[in-house]
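This briefing concerns the ligand site, the empty spaces and some backbone features of one protein structure. The sequence and the model are shown first, and the points follow by topic.

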Amino acid sequence: MNRAVYPGSFDPITTGHIDIIERGLAVFEQLTVAVAIHPDKTGLFGIEERIELIHKAVGHDSRITVDSFEGLLVDYSERVGASVVLRGLRAVSDFEYEFQMANMNRHLNSSVETCFMMTGAGLFYVSSSLVREVAQLGGNIDDLVHPTTAVALQAKYNR
Ligand code: PNS
């Protein structure tokens with residue numbers, strides 16, 4: 001069985017992430033969507049909230065597991081039996097950071113390969129941080145997140 005790990009902060013999951021999950025499922029039999037726990041970084045949503053929003057956004061699909069992890073991504077990937085890390089690429093600006101991470105992960109464990117997929121053309125400007133900002137300032141986020149995520153964001157910002 002070929003499994004990929006799709007790691008990220010997912011604070012919160014956006015339509016860009018959902019697009020990569022769908023693309024990933026066309027290539028990998030099993031996908032583990034893994035929310036990274038950064039001990040020194042608090043996000044808008046707690047880890048359990050992020051996991052719940054991912055579950056609601058992707059619906060029930062036996063090919064998808066949603067989880068969280070702390071520590072090195074390559075160690076986590078090995079633990080769950082995934083030899084591939086899936087990452088989405090939006091624009092050239094993503095490249096440098098992704099290139100650095102992929103090579104650091106390769107340095108740490110050369111048996112874990114990083115696979116990049118391009119997000120859909122209409123989604124290259126969507127990021128969790130911009131979605132949070134737009135939601136906070138009362139802008140329309142309907143096309144940027146799943147409806148349950150939109151409700152959760154509006155509740156966070158009392159809108
Ligand atoms: O959605 P993000 O914030 O761009 O995701 C970044 C993430 C979670 C993939 C990255 O921070 C990560 O892999 N964290 C785990 C810690 C780790 O393995 N660090 C060393 C390799 S760069």
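A backbone N or O atom of Leu73 is placed 2.8 Å from an oxygen atom of the ligand. The model is a predicted one. The ligand occupies the space of the largest pocket, and helix H4 (residues 92-108) supplies the largest share of the shell around the ligand, three residues.

**Polar contacts and cover of the ligand**

- In the side chain of Ser9, an N or O atom is 2.6 Å from an oxygen atom of the ligand.
- Arg87 places a polar side-chain atom 3.0 Å from an oxygen atom of the ligand.
- On its own the ligand has 550 Å² of accessible area, of which the protein covers 76%.

**The shell around the ligand**

- The residues that surround the ligand are Gly8, Ser9, Ala36, His38, Phe69, Gly71, Leu72, Leu73, Arg87, Tyr97, Met101 and Asn105.
- By class, the shell holds six nonpolar residues, five polar residues and one charged residue.

**The largest pocket**

- The volume of the largest pocket is about 1,000 Å³.
- The lining of this pocket comprises 41 residues, and those closest to the centre are Pro7, Gly8, Ser9, Arg87 and Tyr97.
- Two or more lining residues come from each of strand S1 (3-8), helix H1 (15-25), helix H2 (47-58), helix H3 (73-79), strand S4 (84-89), H4 and helix H5 (128-136).
- H4 contributes the most to the lining of the largest pocket, with eight residues.
- The lining of the largest pocket divides into 16 nonpolar, 16 polar and nine charged residues.
- Gly8, Ser9, Arg87 and Tyr97 are among the residues that surround the ligand, and these four are also listed among the residues closest to the pocket centre.

**The cavity**

- Rolling a probe the size of a water molecule over the atoms shows where empty space is left.
- How many cavities of 30 Å³ or more does a search of the whole structure find? The search finds one.
- The largest cavity holds about 40 Å³ of space.
- Its lining consists of Leu73, Val85, Arg87, Glu98, Met101, Ala102, Asn105, Thr114 and Phe116.
- S4, H4 and strand S5 (113-118) each give at least two residues to the lining of the largest cavity.
- H4 gives the most to this lining, with four residues.
- The lining of the largest cavity divides into five nonpolar, two polar and two charged residues.
- Leu73, Arg87, Met101 and Asn105 belong to the cavity lining, and these residues also appear in the shell around the ligand.

**Backbone features in the loop between S1 and H1**

- Most residues other than glycine have a negative phi, and most peptide bonds are trans.
- Phe10 is in the loop between S1 and H1, and although Phe10 is not a glycine, its phi is positive, at about 50°.
- Pro12 is also located in the loop between S1 and H1.
- The peptide bond from Asp11 to Pro12 is cis, and its omega is near 5°.

Terms used: Residues numbered from 1 in each chain as written. Predicted model: local features only at pLDDT ≥ 70, side-chain atom pairs only at ≥ 80, totals over all residues. Heavy atoms only, no water. Near = heavy atom within 4 Å. Polar contact = N/O pair within 3.5 Å; in protein donor to acceptor, adjacent residues only side chain to side chain. Areas by Shrake-Rupley, 256 points an atom, 1.4 Å probe, with all protein chains shown as cover. 1 Å grid on protein atoms, 1.4 Å probe; cavity = no way out; pocket = protein on both sides within 12 Å on 5 of 7 lines; lining within 4 Å. Sits in = over half its atoms within 2 Å of the grid points. Nonpolar A, V, L, I, M, F, W, Y, C, P; charged D, E, K, R; others polar. Points joined across faces, edges and corners; volume = space filled by probe spheres on them.
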